[in-house]
Amino acid sequence: MGRSVRRAAAAGLVAALALTGCSGQSLEGGNDEASGGQTTLKINFWGDMGLDKLKAKYEAEHTNVKIVLNSGEYNAQHEDLQKKLVAGSGAPDISAVDEGFIVQFRSQADQFVNLLDKGASSYESKYLPWKWQASQSADGKQIGLGTDVGGLAMCYRTDLFKAAGLPTERDEVSKLWPTWDAFLETGKKYTAATKKKFVDSGTNLFNPVLAQQPVGFYDPQETLQMEGGPKVAFDVSMKAIEAGISANLASFQPNWDQGFKKDQFAALACPAWMLGHIQDTAPDQKGKWDIASIPGGGGNWGGSWWTIPKQGKNVDEAYKFVEWLVQPEQQIEVFKTVGNLPSQPELYKDPAVLDFKKEFFTNAPTGQIFAATAENLKPQYLGKKNGPTRVAVENVITRVQEGGLKPEAAWAEAVKEAEKASKA
């Protein structure tokens, strides 16, 4: 998803949620088989990956399998998986891993089932080449099968734009912001006209801008590169906060969800997986959202893989379920339900995807919008420490939003915290 939903938490919340997901479910894994010949598969993920319907369908078709879904906080799920790998026990049967953490985990390929041993090589030709390669270790082990990709767009509230005297048709809205500077200027006009904030948070500007840069936090030699892409993205984030157009809400926290419901912002960077979160959070806003182009064009934010930790007791059944999840029928079902775009390009030509229009988003042709961005993606190298580094920098942005750190001092703090994360 990358999904992945960017589910950044404030620093204190990351630690607090390390053992308990936002759903209130324990992250304690385990791989105990159910009694009576029934196998229990425990799956850790975050956000909404469209699994509720698929769980019921699979269990109906496979009465010997019981699936336990454990949706937790984004960062906490990855931290918990790392902890269980080090401990040697307690990992779930199946774990989602996001693009920001995949390099970290593929470097520990010996801790995961090599899916090539299960026959996964037949799927290589079905995936976007970079998606397949991203979950492959240096010695050729394949630790995951791709779920989705996070091609970028910009979601916006048509009713709030109208009230501000701005265009509401998606093509006209796209013309407002060919660049991020133009986007910020649009935000200033909106805030001046309505006295309301334009965007949700600085971190949700930082991440998409960073995703568009040629180099992110790390180069392929694993050298931290803060003065490149991260500085460009950080500056956009700070400009939005200083201009007073950000609602300064920490992503994927209760106040952020309330921000949707209380009309506290009008625009939101939208990788495909974000659509499901919006409709789940604010279902009464059906028909009030639409989707325009992202400033700067292109980029990928998120997208995940299903992995199978080797310590599990139900490896064969886990692989059967993962293999079932990545079949076209299930991938299309997830796309229609929550918006997650498959990472198998042949599906972009399927009328079920290409002709699909999302009623919730004013019948936006989401299949066309996101398929076009996915096929043109030039993925960015993310690095083994990308996940922890991103969290460290996001936490600095959050401190600025909360008033605990002045913008002019923030970049030096971000560099310091990123360097710490890179050496941890």
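Start by selecting glycine 229, which lies in helix α10. You are looking at a predicted model, so keep that in mind at every stop. With a relative accessible area of 6%, glycine 229 is buried. Show what surrounds it: leaving aside neighbours within four places in sequence, glycine 229 is in contact with Leu210, Gln213 and Val215. Now add proline 214 to the selection. Proline 214 sits 15 residues away from glycine 229 in sequence, and their C-alpha atoms are 7.1 Å apart in space.

**Stop two: α10 beside α17**

Extend the selection to the whole of helix α10, residues 229-242, and bring in helix α17, residues 386-401. Two packed helices are described by the angle between their axes and the distance between the axes. Here the angle is about 15° and the axes are 11 Å apart. Angles under 35 degrees count as roughly parallel, and α10 and α17 are therefore roughly parallel to each other. Their crossing is right-handed. To see who makes the contact, show side chains for Phe234, Ser237, Met238 and Ile241 on α10, and for Val393, Val396, Ile397, Val400 and Gln401 on α17. Colour those residues by class and you will find 7 nonpolar, 2 polar and no charged.

**Stop three: alanine 418**

Keep α17 on screen and select alanine 418, which has its place in helix α18, residues 407-423. Is alanine 418 buried or exposed? Its relative accessible area is 0%, so alanine 418 is buried. Not counting residues up to four places away in sequence, alanine 418 touches Leu224, Met226, Thr389, Ala392 and Val393. You have already met Val393 as one of the α17 residues in the contact with α10. For a sense of distance, draw a line from the C-alpha atom of alanine 418 to that of alanine 153: the two residues are 265 apart along the chain, and the line spans 27 Å.

**Stop four: helix α4**

Next, select helix α4, residues 99-106. How many of its residues are buried? The count is 8 of 8, so this helix is mostly covered. Its buried residues are Glu99, Gly100, Phe101, Ile102, Val103, Gln104, Phe105 and Arg106. Switch on the elements around α4 as well: what covers its buried residues includes α3 (74-87), β3 (94-98), α5 (129-134), β9 and α17.

**Stop five: threonine 307 in β9**

From that cover, pick out strand β9, residues 304-307, and select threonine 307 within it. At 0% relative accessibility, threonine 307 counts as buried. Zoom in on its side chain and label the distance to serine 95: a polar atom of the threonine 307 side chain lies 2.9 Å from the backbone oxygen of serine 95. Then show the wider neighbourhood. Residues up to four places away in sequence aside, threonine 307 touches Asp93, Ile94, Ser95, Val97, Phe112, Ile143 and Gly144.

**Stop six: helix α13**

Select residues 315-325 to see helix α13. It is mostly covered, with 8 of its 11 residues buried. Highlight these buried residues: Val315, Glu317, Ala318, Tyr319, Phe321, Val322, Trp324 and Leu325.

**Stop seven: α8 against α9**

For another helix pair, select α8, residues 180-194, and α9, residues 203-211. Their packing angle is about 160°, and their axes are 12 Å apart. That makes α8 roughly antiparallel to α9. As you rotate the view, note that α8 passes α9 in a right-handed crossing. On the α8 side, the contact is made by Trp180, Phe183 and Leu184; on the α9 side, by Leu205, Pro208 and Val209. By class, this contact has 6 nonpolar, no polar and no charged residues.

**Last stop: two asparagines**

Finish in the loops with a look at backbone torsions. Most residues other than glycine have a negative phi. Select asparagine 248, in the loop between α10 and α11 (254-261). Asparagine 248 is not a glycine, yet has a positive phi of about 55°. At 27% relative accessibility, asparagine 248 counts as partly exposed. Then move to asparagine 363, in the loop between α15 (351-354) and α16 (366-375). Asparagine 363 also has a positive phi, of about 55°. Its relative accessibility is 43%, so asparagine 363 counts as partly exposed.

Definitions and conventions. Residues are numbered from 1 along each chain as its sequence is written. This is a predicted model: local features need pLDDT of at least 70, side-chain atom pairs count only at pLDDT 80 or more; totals for chains, interfaces and linings use all residues. Side-chain values use heavy atoms; hydrogens and water are left out. Axes are lines fitted to C-alpha atoms, for helices over the stretch in contact, and angles run from 0 to 180 degrees between N-to-C directions. Helices (H or I, at least four residues) and strands (E, at least two) are DSSP runs, numbered from the N terminus. Angles under 35 degrees count as roughly parallel, over 145 as roughly antiparallel, 65 to 115 as roughly perpendicular and the rest as oblique. A crossing is left-handed if the near helix is turned anticlockwise from the far one by less than a right angle, and right-handed if clockwise. Contact means heavy atoms within 4.5 Å. Ala, Val, Leu, Ile, Met, Phe, Trp, Tyr, Cys and Pro count as nonpolar, Asp, Glu, Lys and Arg as charged, and the others, Gly among them, as polar. Buried means under 20% relative accessible area, exposed over 50%, partly exposed in between (1.4 Å probe, protein chains only). A polar contact is a pair of N or O atoms within 3.5 Å; within protein, one must be able to donate a hydrogen and the other to accept it, and residues adjacent in sequence count only if both atoms are side-chain atoms.
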